[in-house]
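Here are a few notes for a colleague who is opening this structure for the first time. They take up one helix and then the sheets.

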Amino acid sequence: MAWPAWDASKAEGIGFITYLNALLPFMPALPSERAMRARFARIGIGPGLPFDPARLDPKLRTALEEGVAEASQELKAKAQQQTSSQGFFGSRQQLGSDYLTFRSMGAMLGIYGNSSEEAFYATQQTGPDGQVLDGRRRWVLRFEPGQLPPVTEFWSVTLYKLPERLLVENPIQRYSIGDRTSGLKLGPDGSLEIYIQSENPGTEKVSNWLPAPAGPFFFVARLYGPKDPVLKGTWKLPRLTEVK
């Protein structure tokens, strides 16, 4: 298989069709998708088809570029508002008729996720003011007494820098925090506070510090073996609060 060389800027526009066409030979069309595949073929999307934007009719190319930009903006805006992965991963039967949208959001927020019964993913990308989270502000993720994530296996909170969605280099080399974190301190009442910010919060709080970049970030809480309260929505990840 001659895989096309990856170019992130190309993949953000209509150039993504080159990569899609390279992958489609491994994705047989299901009966319910045949009409959709036939429509795609009319604009050069198909298993192994060559795709060169420069050879397109100018009007068609403009329409494709505008369509990709509009869909990308809509998808990103919708994905940014999500707070859990429930319904984003699993079979087509589990995801329902709008499975393309859900799988796209799943891939955007955290590709290769498990079905909800295996692992539940909760995320926050914006603060109470609707702005994207920023590590130059001081945040606290507080679990009230008796409200730690209910799981049969383990849980963790991992932080990622935006827009790269990569782990954040930091002086204590901590990239996630959870029930397996050594030295994690609970409050006298059994509560747990996780401090999320770019600056070291001090000696008394560093054990519960999840370092953030001095800029935009988001985090994902992963709950492995989620119990019924998680799956039924009676337990929810607490919202971040800002410390002024």
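1. Contact here means that heavy atoms lie within 4.5 Å. The model is a predicted one. In that sense of contact, helix H1 (8-11) is included in what covers the buried residues of helix H2.

2. Helix H2 spans residues 16-23. Its buried residues are Ile17, Thr18, Tyr19, Asn21 and Ala22, where buried means under 20% relative accessible area.

3. One open sheet has four strands in the order S1-S7-S3-S4, and the pairing is antiparallel. Strands S1 (119-124) and S4 (176-178) are at the edges; each has a single partner strand, so one side of each lacks a neighbour in the sheet. On average, and with direction ignored, neighbouring strands of this sheet are turned by 20° against each other.

4. Within that sheet, nine bridges pair strand S3 (residues 151-161) with strand S7 (residues 217-226) in the antiparallel sense. Opposite leucine 159 is phenylalanine 219 in S7.

5. Another open sheet of four strands follows the order S6-S5-S2-S8, and its pairing is mixed. The edges are taken by strand S6 (209-211) and strand S8 (241-242), each with a single partner strand, so one side of each has no neighbour in the sheet.

6. Which strand is joined to S8 by two bridges? It is strand S2 (residues 139-143), and the two run antiparallel. Tryptophan 139 has glutamate 242 in S8 as its bridge partner.

Definitions and conventions:
Residues are numbered from 1 along each chain as its sequence is written. This is a predicted model: local features need pLDDT of at least 70, side-chain atom pairs count only at pLDDT 80 or more; totals for chains, interfaces and linings use all residues. Side-chain values use heavy atoms; hydrogens and water are left out. Two strands pair if DSSP finds at least two bridges between them. Axes are lines fitted to C-alpha atoms, for helices over the stretch in contact, and angles run from 0 to 180 degrees between N-to-C directions. Buried means under 20% relative accessible area, exposed over 50%, partly exposed in between (1.4 Å probe, protein chains only).
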